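Grab a pencil and open the model in your viewer. The exercises below walk you through the fold bit by bit, each with a worked solution.

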Amino acid sequence: GMYGLKQQRQDTAVMGIVGNPVSHSRSPAIHNAALQQLGLNAVYVPLLVDDMAAFLRTFTDADWIGFSVTIPHKQAALEGAQEVDPVAAQIGAVNTLVRQEDGLSLKGHNTDWSAAIVAIERGLDPAAPSSTDASSSPLAAKRVVVVGAGGAGRALAFGAAVKGAQVVVANRSADKAAALAAQLSPPAEACSLADLASGAVRGDVLVNTTSVGMHPQEDESPVPAEALSGYQLVFDAVYTPLHTRLLKEAAAAGCKVVTGDTMFVGQAADQFRLFTGKEAPVELMSRVVLDSLK
Ligand code: ATR
């Protein structure tokens, strides 16, 4: 990132989002708005890619200063990176690849977990600093129920564990919940969605990482309203729609709620910093996303 923009370059630096599908991604709109605001000689493009390994062998030009990575390439991005951030390696997913000083190699990061965790920390304590460790985080010693054990579930579960939370992984298929729980240190609890629904398992913070709630016509929630009381805060990674049934019912039950746009904007802002070495215009990026959701 810094590599590409530090030199007084004449050539336009290029960034892109690599995925399949990728045409509906809001990432180009928010990154280009931010680049333009800062007056940087750089552009961010969508890249429809089938074979991530082949793509990484081809796009070695130093003008490509970084890539955002989305479904289904986050694991292949980890495998293709020459260096990987330790938390991204634990999660097993890289959503950001940054060109290094040598102008050739790429370092993999995961900005999904940090963005979501900061949004939750701010929700719990609006005065929380942007970077906390396990001793100072508002999540420390909180019981955090992560619903879902896919890529996003892994990111949130490892992220909460980094902050010293007591993690519970709840998932439709029990074997996936148990497998993820066992990988955390200390090992997390695992439970079924029925255990949440019945109130047998409760917590302080509930995080939805499944796609349940994304289809407004179905109006579904992963956890019934009766089971939400007692949670201090509920976060939903789904942001289309912004106010999912889960969040509406959580607010009605007296929980604080954090909407998923915070995670999307936060992961993009962290990427922007990694790509350019400059502070991201977060307010602008947030406005672009919220406008696109109207
Ligand atoms: P992502 O990378 O967005 O996390 P993923 O890796 O495909 O996507 O994971 C999807 C998660 O949503 C899984 O935890 C999945 O549960 P299973 O492991 O049982 O498949 C969960 N999920 C998807 N649709 C669901 C539904 N209708 N009800 C409950 N959980 C669902």
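Buried means under 20% relative accessible area, exposed means over 50%, and partly exposed is anything in between, with a 1.4 Å probe and protein chains only. This is a predicted model, where local features need pLDDT of at least 70, side-chain atom pairs count only at pLDDT 80 or more, and totals for chains, interfaces and linings use all residues. Residues are numbered from 1 along each chain as its sequence is written, and side-chain values use heavy atoms, with hydrogens and water left out.

**Exercise 1. Sort P281, A141 and D219 by accessibility.**

Step 1: Start with P281, in the loop between α11 and α12. Helices (H or I, at least four residues) and strands (E, at least two) are DSSP runs, numbered from the N terminus. P281 has 13% relative accessibility, so it counts as buried.

Step 2: Check a distant partner. P281 and L38 are 243 residues apart in sequence, yet their C-alpha atoms are 8.2 Å apart in space.

Step 3: Go to A141, in the loop between α6 and β7 (143–147). A141 counts as exposed because its relative accessibility is 62%.

Step 4: Finish with D219, in the loop between β10 (205–208) and β11 (233–236). At 40% relative accessibility, D219 counts as partly exposed.

**Exercise 2. Work out the strand order of the open sheet, then walk across it.**

Step 1: Recall the background: strands of a sheet pair through backbone hydrogen bonds, either parallel or antiparallel. Two strands count as paired if DSSP finds at least two bridges between them.

Step 2: Write down the order. Six strands make an open sheet, β2-β1-β3-β5-β6-β4, with mixed pairing. β2 (42–48) and β4 are the edge strands, each pairing on one side only.

Step 3: Begin at the β2 edge. β1 (residues 13–19) runs parallel to β2, with seven bridges joining them; V18 has L47 of β2 as its bridge partner.

Step 4: Move on to β3 (residues 64–69). β1 and β3 pair in the parallel sense over five bridges, and V14 is bridged to W64 in β3. Six of the six residues in β3 are buried.

Step 5: Watch the direction change. β3 and β5 are antiparallel, with three bridges, and G66 has V98 of β5 as its partner. β5 (residues 96–99) is also antiparallel to β6, through four bridges, with T96 opposite H109.

Step 6: End at β4 (residues 83–84), which is parallel to β6 and joined to it by two bridges. Here E83 stands opposite K107 of β6.

**Exercise 3. Which residues cover the two sides of β6 (residues 106–109)?**

Step 1: Split the strand by face: L106 and G108 lie on one side, K107 and H109 on the other.

Step 2: Look up their burial. All four are buried, and both faces are covered.

**Exercise 4. Test the length of α6 (111–124).**

Step 1: Set the rule: the expected span of a helix is 1.5 Å times one less than its number of residues.

Step 2: Apply it. With 14 residues, α6 should span 20 Å, and its end C-alpha atoms are 20 Å apart, which agrees.

Step 3: Add its setting: α6 is mostly covered, with 12 of its 14 residues buried.

**Exercise 5. Where does the second largest pocket lie?**

Step 1: Fix the terms. On a 1 Å grid over the protein atoms alone, a pocket is an open set of points where a 1.4 Å probe fits, with protein on both sides within 12 Å along at least five of seven lines; lining residues have an atom within 4 Å of a point.

Step 2: List the lining. There are 22 residues, with A115, V118, R122, T262 and G266 nearest the centre. α6, α11 (261–276) and α12 (282–293) each supply at least two lining residues.

Step 3: Place it. Domain 1 (2–109 + 263–293) and domain 2 (113–259) both give residues to the lining, so the pocket lies between them. The domain bounds come from an automatic or database domain assignment.

**Exercise 6. Find the unusual backbone angles.**

Step 1: Know the norm: most residues other than glycine have a negative phi, and most peptide bonds are trans.

Step 2: Pick out positive phi values. A141 is near 65 degrees and D219 about 50 degrees, neither being a glycine.

Step 3: Pick out cis bonds. N20 to P21 is cis, with omega near 5 degrees, and so is S185 to P186, with omega about -5 degrees.
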